[in-house]
Amino acid sequence: MQTIDVTETIPMPIEAAFELLVDHANYKRFPGVVDSELLQPGTAEPNGKGALRRISLGDVVLDEEITAFERPQRMDYRIVKSKPIRVDHQGGSIRLETVPEGTRIHWTSTMRLRIPLVGWFITRRAVQQFDKGFRALLRALPEAA
């Protein structure tokens with residue numbers, strides 16, 4: 001398993017940053033995301049706990065379930081299905097806090113790709129790409145608002 005661990009501070013209020021990060025409809029605005037859709041709404045609100053969402057990153061499609069949701073400080077998720085490569089995902093968490101400069105966002109995700117023999121190497125490369133993608137997404141938040 002490999003962990004992606006990204007922290008960025010962005011110049012916007014926590015409520016606005018949280019809304020952009022949790023609403024699947026916003027994802028198409030971000031670098032690397034081709035499409036996103038809500039497959040099943042959450043129990044208390046559409047993108048909240050229990051929601052099932054599909055995120056398309058071009059050739060890779062991820063279905064993720066929202067496992068924790070505390071507005072506007074936290075959203076946890078788990079990839080439950082992926083194509084064409086199988087992803088074992090222990091979970092991801094996006095945590096937000098208000099700081100003098102705006103909002104600090106801490107995003108972690110622990111995973112591995114199920115590929116015989118070379119999976120460890122491909123996982124390491126994938127984690128590097130996701131790290132870059134998470135950073136680009138977080139830096140693009142103020143422009144997406």
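Select β4 (61–70). Seven of its 10 residues are buried (under 20% relative accessible area with a 1.4 Å probe, protein chains only; over 50% is exposed, and partly exposed lies in between), so β4 is largely enclosed by the rest of the structure. Strands here are DSSP runs of E with at least two residues, helices are runs of H or I with at least four, and both are numbered from the N terminus.

This is a predicted model, in which local features need pLDDT of at least 70 and side-chain atom pairs count only at pLDDT 80 or more, while totals for chains, interfaces and linings use all residues. Residues are numbered from 1 along each chain as its sequence is written, and side-chain values use heavy atoms, with hydrogens and water left out.

**The partners of β4**

Keep β4 on screen and add β3 (residues 52–56). The two strands pair in the antiparallel sense over five bridges; pairing requires that DSSP finds at least two bridges between two strands. To check the register, select Leu52, which stands opposite Glu65, then Ser56, which stands opposite Val61. β3 and β4 form a hairpin with four residues between them. In that turn, pick Gly58, whose phi is positive at about 90°.

Now add β5 (74–83). β4 and β5 run antiparallel and are joined by nine bridges, with a hairpin of three residues connecting them. Two pairs to label are Leu62 opposite Ser82 and Ala68 opposite Asp76.

Continue to β6 (87–99). A hairpin leads from β5 to β6 through three residues, and four bridges join these antiparallel strands. Tyr77 of β5 stands opposite Gly92 in β6.

**The whole sheet**

Show every strand. What is the order of the strands in the open sheet? The seven strands run β1-β7-β6-β5-β4-β3-β2, with antiparallel pairing. β1 and β2 (35–40) stand at the edges with a single partner strand each, so one side of each has no neighbour in the sheet. On average, neighbouring strands are turned by 20° against each other, direction ignored.

Next select α1 (14–22). This helix lies across β1, β3, β4, β5, β6 and β7, running at about 160° to β6. The angle is taken between N-to-C directions on a scale from 0 to 180 degrees, using axes fitted to C-alpha atoms, for helices over the stretch in contact.

**Thr103 in β7**

Select Thr103, which is in strand β7. Is this residue buried or exposed? At 0% relative accessibility, Thr103 counts as buried. Draw a C-alpha to C-alpha distance to Met12: the two are 91 residues apart in sequence and 6.1 Å apart in space. Leaving aside neighbours within four places in sequence, Thr103 is in contact (heavy atoms within 4.5 Å) with residues including Glu8, Ile10, Met12, Ala17 and Leu96.

**The nonpolar core**

Select Leu21, Ile105 and Leu141, the residues with the most contacts inside the largest nonpolar core, which has 35 residues. Such a core is a set of buried Ala, Val, Leu, Ile, Met, Phe, Trp, Tyr and Cys residues joined through side-chain atoms within 4.5 Å. At least two core residues come from each of β1, α1, β4, β5, β6, β7 and α2. The largest share, seven residues, is from α2. In soluble globular proteins, nonpolar side chains tend to be buried together.

Centre the view on Leu141. Not counting residues up to four places away in sequence, Leu141 touches Ile10, Met12, Ala17, Leu20, Leu21, Phe30 and Ile105.

**Phe134 and the largest pocket**

Move to Phe134 in helix α2. At 9% relative accessibility, Phe134 counts as buried. Beyond residues up to four places away in sequence, Phe134 touches Ile4, Val6, Tyr77, Trp107 and Ser109. The C-alpha atoms of Phe134 and Thr7 are separated by 9.4 Å, with the two residues 127 apart along the chain.

Finish by selecting Ile55, Leu57, Leu62, Phe130 and Phe134, which lie nearest the centre of the largest pocket among its 32 lining residues. About 690 Å³ of space lies in this pocket. A pocket is an open set of points on a 1 Å grid over the protein atoms alone, where a 1.4 Å probe fits, with protein on both sides within 12 Å along at least five of seven lines; lining residues have an atom within 4 Å of a point. Grid points are joined across faces, edges and corners, and the volume is the space filled by probe spheres set on the points. β3, β4, β5, β6, β7 and α2 give two or more residues to the lining, and the largest share, nine residues, comes from α2.
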